Amino acid sequence: MQATVQLCDRAAAGNPTSPKRLLTRLAALACACACAAVPALAATVMYPRPLLGTDPRNDYPVVLLRLALEKSGTPYELKFTPVVMTQDRVLLEIAKGDGGVDIIATMTSQERESKMLAVRIPIDKGLYGWRLPLVRGDRQDLFANVRDLAGLRKLRSGQGHDWPDTGILRGNGVPVSANSSYEALFSMLAAGRIDYFPRAVIEIGPEAAAHPALAIDSHIVIHYPTALYYFVNRNNTQLADAIKRGLEAAIADGSFERLFNQNFGAALRQARLDQRPVIELVNPLLPNGLPLEHRDLWLMPEGAPRAKPGAPGQR
């Protein structure tokens, strides 16, 4: 901008020329000066449209992403994709990198980190690996006598067919019925086709409230090490760097913590994780360790196993 202003000043004091040529030059330089004063247009970032208009899983990742983009120092405009896609389709679109979908917040796995670029900051504080069973309202004592993996293996769970959780549970010998429809899993539970639907402690509350025939188990918590990351195309390092920069700025100024507590503080208190027996599972899909640069971002409920994030559970 300074160089353009200096150029304008030199033109005004330059050698005399014909009135027509002088007017043409001044008009061109005036345009250059005006253009230099206009901020760069924001790049569009496409995020997958929620499966349901009221899908509670999307609220926090989207709000946090907007915060990170605002704090990144680079102008971005976040938009939803025109159509709803399955998670498999979203991941394929990101890996393809044609701009159809630019980013998703999802659980990490070896496969996902090999195909996409992860911003390795756990936006869920590792709580996607702390799972409470959602059960039928008339079966709230289902887990009253379940205290270990052997007991868990006697019951059938439900999961999305393209979710890493499915592979984690099956890798621990836990029976799973998979479905491509998120909403169908609640219907399967209500109909007794599955015994329970393990949900992250930070997402189960709104889901239980939306399905009055179901209830949150009060007896156990299932745990496996994992993290929720933002993923982008492997070549989109500029966007990944901007998100990382924005998240670290939000962590530093406390706005990350405030947003997290605003969304999940009450749910964590109500879950009483420190009063539940923990059934610890191995995560066979985990990449080589989980990042510990931000140790304060890994929540470990009091009384729970003191394993570091990424440490294998006991089978």
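Biologist: Why does Phe 80 count as partly exposed?
Modeller: In this predicted model, Phe 80 has a relative accessibility of 31%. Buried requires under 20% and exposed over 50%, so at 31% Phe 80 counts as partly exposed.

Biologist: And why is Tyr 47 called buried?
Modeller: Its relative accessible area is 2%. The cut-off for buried is under 20%, so Tyr 47 is buried.

Biologist: How many aromatic pairs does a search of the whole structure find, and what makes Tyr 47 and Phe 80 an edge-to-face pair?
Modeller: The search finds nine aromatic pairs. For Tyr 47 and Phe 80, the ring centres are 6.3 Å apart, with 70 degrees between the planes. Centres must lie within 6.5 Å and planes over 60 degrees apart for the edge-to-face label, so both conditions are met by 6.3 Å and 70 degrees. Tyr 47 belongs to strand 1 and Phe 80 to strand 2, so the pair ties together parts 33 residues apart in sequence.

Biologist: Why is the pair of Tyr 60 and Phe 264 edge-to-face?
Modeller: The ring centres of Tyr 60 and Phe 264 are 4.8 Å apart and the planes stand at 70 degrees, so the pair is edge-to-face. Distant parts of the chain are linked by this pair: Tyr 60 is in helix 3, Phe 264 is in helix 11, and the two are 204 residues apart. Tyr 60 counts as buried at 4% relative accessibility, and Phe 264 is buried with a relative accessible area of 7%. Elsewhere, ring pairs link Trp 163, Tyr 182, Phe 186 and Phe 197 into a cluster.

Biologist: How do you know that the span of helix 3 is close to the expected one?
Modeller: Helix 3 has 13 residues and reaches 19 Å from its first C-alpha to its last, against 18 Å expected at 1.5 Å a residue. Gly 73 follows helix 3 and has a positive phi, near 85 degrees.

Biologist: Which residues of helix 3 are buried, and what do they pack against?
Modeller: Tyr 60, Pro 61, Val 62, Leu 64, Leu 65, Leu 67, Ala 68 and Leu 69 are buried. The buried residues of helix 3 pack against strands 1, 2, 3 and 11, and against helix 10 and helix 11.

Biologist: What makes Lys 71 and Asp 253 a salt bridge?
Modeller: The N to O distance between their side chains is 2.7 Å. The limit is 4 Å between a Lys or Arg side-chain nitrogen and an Asp or Glu carboxyl oxygen, so a distance of 2.7 Å qualifies. Lys 71 is in helix 3 and Asp 253 in helix 10, 182 residues apart, and the pair links distant parts of the chain. Lys 71 is partly exposed, at 31% relative accessible area, as is Asp 253, at 37%. By the 4 Å rule, the count comes to 15 salt bridges.

Biologist: What separates Glu 248 and Lys 244 in helix 10?
Modeller: They are four residues apart in helix 10, and therefore separated by about one helical turn. Glu 248 and Lys 244 form a salt bridge, with the closest N and O atoms 2.9 Å apart. Glu 248 counts as partly exposed at 30%, and Lys 244 counts as partly exposed at 39%. Another set of salt bridges, sharing partners, joins Arg 131, Asp 165, Arg 199, Glu 203 and Glu 207 into one network.

Biologist: Are Arg 199 and Glu 207 buried or exposed?
Modeller: Both are buried. Arg 199 and Glu 207 form a salt bridge, their closest N and O atoms being 2.9 Å apart.

Biologist: Why are Thr 166 and Gly 171 classed as they are?
Modeller: Thr 166 has 4% relative accessibility, which is under 20%, so Thr 166 counts as buried. Gly 171 has 32%, which lies between 20% and 50%, so Gly 171 counts as partly exposed. Thr 166 is found in helix 7, and so is Gly 171. Thr 166 touches Gln 159, Gly 160, Val 176 and Ala 178, leaving out residues up to four places away in sequence. The C-alpha atoms of Gly 171 and Pro 284 are separated by 6.6 Å, although the two are 113 residues apart along the chain.

Biologist: Which members of the largest nonpolar core touch the most other members?
Modeller: Of its 71 residues, these are Leu 64, Phe 143, Leu 152, Tyr 230, Ile 243 and Leu 247. Apart from this core lies another, of 14 residues, including Val 90 and Trp 298.

How values were computed
Residues are numbered from 1 along each chain as its sequence is written. This is a predicted model: local features need pLDDT of at least 70, side-chain atom pairs count only at pLDDT 80 or more; totals for chains, interfaces and linings use all residues. Side-chain values use heavy atoms; hydrogens and water are left out. A nonpolar core is a set of buried Ala, Val, Leu, Ile, Met, Phe, Trp, Tyr and Cys residues joined through side-chain atoms within 4.5 Å. Buried means under 20% relative accessible area, exposed over 50%, partly exposed in between (1.4 Å probe, protein chains only). The expected span of a helix is 1.5 Å times one less than its number of residues. Contact means heavy atoms within 4.5 Å. Rings of Phe, Tyr and Trp (its six-membered ring) pair if their centres lie within 6.5 Å; planes under 30 degrees apart count as stacked, over 60 as edge-to-face and the rest as tilted.
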